[in-house]
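Subject: A structure for you to look at

Hello,

Here is the structure I promised to hand over, with my notes on it below. Please open it beside this email and follow along as you read.

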Amino acid sequence: MRPSGSAVFVFATLALGGLVGPALAASYDFVPAPQTDLNRIYRIDRITGEVSSCQYGLQEGTIGVTLCFSAGEGAGAQAPGEYGLVASRHEREGGVFRVNFRTGQMSICYVFDERVVCTPQTTPSPATSSAAAPLATPSVSPGSGASPQRP
C-alpha cells in the first residue's frame with residue numbers, strides 16, 4: 001500500500017518539526033563562582049544573556065536541596081548577542097562577569113536577596129584601554145633627563 005500525498009506531507013512535517021525543536025532550544029554555559037567555600041554555579045543563556053544560579057543547601061531530615069536563584073534586576077534577557085560567563089581568580093569573589101563577545105560589553109552578576117542581579121552592561125572607555133599611551137613615571141617630569149634609580 002502506497003501512502004497518499006497528504007500522509008507524506010504530514011509525516012515530513014512531523015519529521016522536520018522534530019529536527020527544528022532541538023535547534024531552537026536555548027544553549028547554556030555554566031561557570032562556578034570563584035569563591036572557594038561557596039558551592040554556587042551560574043548559568044547563562046548564550047543568546048539572551050539571562051543569568052541564573054543554583055547551589056546546594058542543607059535541609060534537616062533530607063540529603064539536602066538544590067537552591068536556585070532566578071534572574072532579578074539586570075540579570076534578565078538582554079539584546080540578542082553572544083554571551084558568556086567569566087569567573088575571576090579572586091578566591092573570595094561570589095559573583096561572575098557576564099560578557100558579550102560580540103560587543104565587548106561586561107557586567108558583574110551575583111546573588112542578592114535570593115535573586116541574581118547584574119550591574120548594567122558597559123564597555124571600558126577608550127581612555128582606559130591598553131592602546132592608550134603609557135603615562136610618565138609620576139616622580140619624573142617629561143624632559144627633565146631624570147632616569148629611574150636602581151636599587
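Let me begin with a term you will meet throughout: a residue is called buried when its relative accessible area is under 20%, exposed when that area is over 50%, and partly exposed in between. C68 makes a good first example, because its relative accessible area of 49% puts this cysteine in the partly exposed class. Please also keep in mind that this is a predicted model.

**The disulfides**

How many disulfides does a search of the whole structure find? It finds two. In the one that includes C68, the partner is C54, and the two sulfur atoms sit 2.0 Å apart. C54 belongs to strand β3 (residues 51–57) and C68 to strand β4 (residues 65–69), so this pair ties together parts that are 14 residues apart in sequence. Like C68, which is partly exposed, C54 counts as partly exposed, at 28% relative accessibility. The torsion about the S-S bond of C54 and C68 is about 105°, so this disulfide is right-handed.

The other disulfide joins C109 to C118, with an S to S distance of 2.0 Å. Here the torsion about the S-S bond is about 110°, so this one is right-handed too. Are C109 and C118 buried or exposed? C109 is buried, with a relative accessible area of 0%, and C118 is buried as well, at 10%. If you number the bonded cysteines of the chain in sequence order, the pairing comes out as 1-2, 3-4.

**The nonpolar core**

Now for the inside. In soluble globular proteins, nonpolar side chains tend to be buried together. In this model, the largest nonpolar core has 14 residues, and the members that touch the most others are Y42, V51, A75, L85 and V116. Which elements give two or more residues to this core? They are β2 (40–45), β5 (83–86) and β8 (115–118).

V51 is a nice residue to click on. Not counting residues up to four places away in sequence, the contacts of V51 include Y42, A75, L85 and V116. V51 also touches C109 and C118, the two cysteines that are joined by a disulfide.

**The sheet**

Next, try tracing the open sheet of four strands, whose order is β5-β6-β7-β8 with antiparallel pairing. Which strands are at the edges? They are β5 and β8, and each of these pairs on one side only. On average, neighbouring strands of this sheet are turned by 30° against each other, direction ignored.

In the same sheet, strand β6 (residues 96–100) and strand β7 (residues 106–112) are joined by four bridges. To see where the two strands meet, look at F97, whose bridge partner in β7 is I108.

V99 is found in strand β6 and counts as buried, at 11% relative accessibility. Setting aside neighbours within four places in sequence, V99 is in contact with E82, Y83, G84, V86, Q105 and M106. One of these, E82, comes up again below.

**The salt bridges**

The structure holds three salt bridges.

- D29 and R46 meet through their side chains, at 3.1 Å from N to O. D29 lies in strand β1 (residues 28–32) and R46 in the loop between β2 and β3, so the pair ties together parts that are 17 residues apart in sequence. D29 is partly exposed at 27%, and R46 is partly exposed at 34%.
- D37 and R92 meet at 3.2 Å, N to O. D37 is in the loop between β1 and β2 and R92 in the loop between β5 and β6, so this pair ties together parts that are 55 residues apart in sequence. D37 is exposed, at 54%, whereas R92 is partly exposed, at 49%.
- E82 and R102 have their closest N and O atoms 3.8 Å apart. This pair links distant parts of the chain, with E82 in the loop between β4 and β5 and R102 in the loop between β6 and β7, 20 residues apart. E82 is partly exposed, at 41%, and R102 is exposed, at 60%.

Happy exploring, and do write back with any questions.

Best wishes

Methods. Residues numbered from 1 in each chain as written. Predicted model: local features only at pLDDT ≥ 70, side-chain atom pairs only at ≥ 80, totals over all residues. Heavy atoms only, no water. Disulfide = S-S within 2.5 Å. Buried < 20%, exposed > 50% of the residue type's maximum accessible area, 1.4 Å probe, protein only. Core = buried A, V, L, I, M, F, W, Y, C linked by side-chain atoms within 4.5 Å. Contact = heavy atoms within 4.5 Å. Pairing = 2+ DSSP bridges. Axes fitted to C-alpha atoms, helices over the stretch in contact; angles between N-to-C directions. Salt bridge = Lys/Arg side-chain N within 4 Å of Asp/Glu carboxyl O.
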